[in-house]
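Let's take a walk through this model together, pausing at its pockets and its metal site. Have the structure open and turn it as you read.

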Amino acid sequence: MKLHHPELIDLLQQAYSAEKAAAFAYQGHAASLKTEEEKKAVHQIEIDEWNHRHEVLAIMKQYEVPVSKYYELRFHIIGKMISWSCFVIGRFMPFYFAGRLESGNVCEYFRMKQFFNTMGITEHDTVLYEMGIKEKEHEVYFAERVSNSKLLPFFEKLFSWSAKQSFNNIDLDKKHPVEESGHYCNNGKHFF
Ligand SMILES: [Fe+2]
Ligand SMILES: [Fe+2]
């Protein structure tokens with residue numbers, strides 16, 4: 001079956017390539033960190049992103065959605081640049097911008113779920129829900145890493161993100177199951 005939903009097709013293609021950018025970025029980020037504990041945590045997040053890429057590709061194949069060569073190249077370059085930059089921009093910024101990025105990514109998967117649901121397709125609900133929740137866990141991890149930094153109030157003002165100011169409306173402490181998650185990222189506006 002082919003998809004006749006340009007917005008969803010674009011979202012899938014972009015997510016597929018952006019997961020590669022994220023994975024590359026976390027390779028540099030993990031390598032630039034000092035403690036084994038943090039290296040391990042960021043490396044695990046890199047593995048999560050490769051898994052997401054795999055899951056997104058499976059959905060794309062099912063609907064004959066081609067991989068976008070443009071997004072692949074663009075996100076390859078972005079990912080590598082972020083990866084290298086982690087060695088020169090200090091400790092705070094890689095954590096802060098990773099958290100900010102993850103915060104926006106959360107809703108991509110819930111938006112995909114909503115788009116599929118409008119076409120009566122529910123078979124991807126669980127996998128999309130789980131990917132969205134995983135991105136939220138990543139956001140929370142990064143937010144915690146910078147929560148005590150003196151730089152946070154300044155960056156919070158300039159880039160509009162922190163643990164208190166997320167781009168999505170998901171609260172992991174009061175998590176709703178997949179069948180009650182319709183209101184996630186669905187208040188009529190985009191969070192990013
Ligand atoms: Fe991801
Ligand atoms: Fe992530």
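The largest pocket in this predicted model holds about 590 Å³ of space. Its lining is made up of 27 residues, and if you want to find the middle of the pocket, look for I82, F97, R100, L101 and N105, which lie nearest its centre. Three helices, α1 (6-32), α3 (69-85) and α4, each give two or more residues to this lining. Of the elements involved, α4 gives the most, with ten residues. What is the chemical make-up of the lining of the largest pocket, by class? There are 18 nonpolar residues, along with five polar and four charged ones.

The second largest pocket has a volume of about 190 Å³. You can trace its lining through K136, E139, V140, A143 and E144, then on through S162, A163, S166, I170, D171, L172 and D173. Sorted by class, this lining has five nonpolar, two polar and five charged residues.

Now let's move to the metal site. Which residues supply the protein donors of the iron ion (ligand 2)? They are E49, E102, E135 and H138: E102 appears twice with an OE atom, E49 and E135 also give OE atoms, and H138 gives its ND1. These donors lie 1.9 to 2.4 Å from the iron ion (ligand 2). If you would like to pick the donor residues out in the sequence, their spacing is E-x52-E-x32-E-x2-H. Two of them, E102 and H138, link distant parts of the chain: E102 sits in helix α4 (residues 92-118) and H138 in helix α5 (residues 125-146), 36 residues apart.

There is a second iron ion to look for here as well. The iron ion (ligand 1) is 3.6 Å from the iron ion (ligand 2), and E49 coordinates both.

Are E102 and H138 buried or exposed? Buried means under 20% relative accessible area. E102 has 0% relative accessibility, so it counts as buried. H138 has a relative accessible area of 3%, so H138 is buried too.

Finally, take a closer look at the surroundings of H138, which has its place in helix α5. Leaving aside residues up to four places away in sequence, H138 touches I45, D48, E49, H52 and E102. Two names in that list, E49 and E102, are ones you have already met as donor residues of the iron ion (ligand 2).

How values were computed:
Residues numbered from 1 in each chain as written. Chains lettered and ligands numbered in written order. Predicted model: local features only at pLDDT ≥ 70, side-chain atom pairs only at ≥ 80, totals over all residues. Heavy atoms only, no water. Donors = N, O, S within 2.8 Å, 3.2 Å for Na, K, Ca; no water. Helix = DSSP H or I, 4+ residues; strand = E, 2+ residues; numbered from the N terminus. Buried < 20%, exposed > 50% of the residue type's maximum accessible area, 1.4 Å probe, protein only. 1 Å grid on protein atoms, 1.4 Å probe; cavity = no way out; pocket = protein on both sides within 12 Å on 5 of 7 lines; lining within 4 Å. Points joined across faces, edges and corners; volume = space filled by probe spheres on them. Nonpolar A, V, L, I, M, F, W, Y, C, P; charged D, E, K, R; others polar. Contact = heavy atoms within 4.5 Å.
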